[in-house]
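Dear colleague,

I am passing on the structure we spoke about, and I would be glad if you could look through it with the notes below at hand. They concern the cysteines.

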Amino acid sequence: QDNLNTYFGTKVPNTASGYFGGQFADIIGFHGYVSSGSSGFCPIPENVITVIDDMNSALTTAGETGKPWFDTEDGWSKASDENFLDQDREAAFMARYSLLQRSMGVERGYWYRWDSTLTYGGALWTQSGGPIEAVTAWDEVSKWMVGATFSTACTVNANVWQCGLTRSGGYQALAVWNSAQDCLNGSCPTLPFTVPNGGYTLYRDLTGTETSITGTTVP
């Protein structure tokens, strides 16, 4: 909300849209943090939908629609404050958070932040350990999105999220996850997902590993 005030809080009289200063902006910037703000309560990537919905409502009220959206600071905030330092959880967050934003029309996301100091936990790279697991997840999920079109926005049914993707030449894919499952300390339980009709032949995980689909379900 504070970020929206930056763009729309300054009153500029005698403009075509009334008293908002959005006419002077080419891009709508916002911060997409979904920090829980409480120790032991992990940030939920799906909450970014509420952030974007609220932003879209404010833009509509201000008469400022049709401009590109840039998430100028996205991330899980200070992960050490929330005890959100498990790398499996962070990788899962990165993928879900990125897919949801892109499917809702966010054109760019700027992660905060890449490198870390001793007082800032949860960055993507540390001097002692190098890139964390979430970097590999981003590398993979970006391959799914770049050059593809979201044929459908990400939707949920009984905790199972699906995002439809297409490319030229008849390519189609689904990004799928179950938000009720957790991945912690190397243990990542799964539930079976029934593969819909449509000629799907293989699936990839966040490490890029490909597996042929031989039955009617995948994990």
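Which handedness does the link of Cys 154 and Cys 163 have, and with how many degrees about the S-S bond? Please keep in mind that the model is predicted; in it, the link of Cys 154 and Cys 163 is right-handed, with 110 degrees about the S-S bond. The S to S distance of this disulfide is 2.0 Å. As for the surroundings of its two ends, Cys 154 has a relative accessible area of 11% and is therefore buried, and Cys 163, at 0% relative accessibility, counts as buried as well.

The search of the whole structure gives 2 disulfides, and the other entry joins Cys 183 to Cys 188, with an S to S distance of 1.7 Å. The link of Cys 183 and Cys 188 is also right-handed, with 40 degrees about the S-S bond. Here Cys 183 is buried, at a relative accessible area of 15%, whereas Cys 188, at 40%, is partly exposed, because buried requires a relative accessible area under 20% and exposed one over 50%.

When the bonded cysteines are counted along the chain, the disulfides of the protein follow the pattern 1-2, 3-4. One further cysteine may be worth finding in your viewer, namely Cys 42, which is partly exposed with a relative accessible area of 24%.

With best regards

Definitions and conventions. Residues numbered from 1 in each chain as written. Predicted model: local features only at pLDDT ≥ 70, side-chain atom pairs only at ≥ 80, totals over all residues. Heavy atoms only, no water. Disulfide = S-S within 2.5 Å. Buried < 20%, exposed > 50% of the residue type's maximum accessible area, 1.4 Å probe, protein only.
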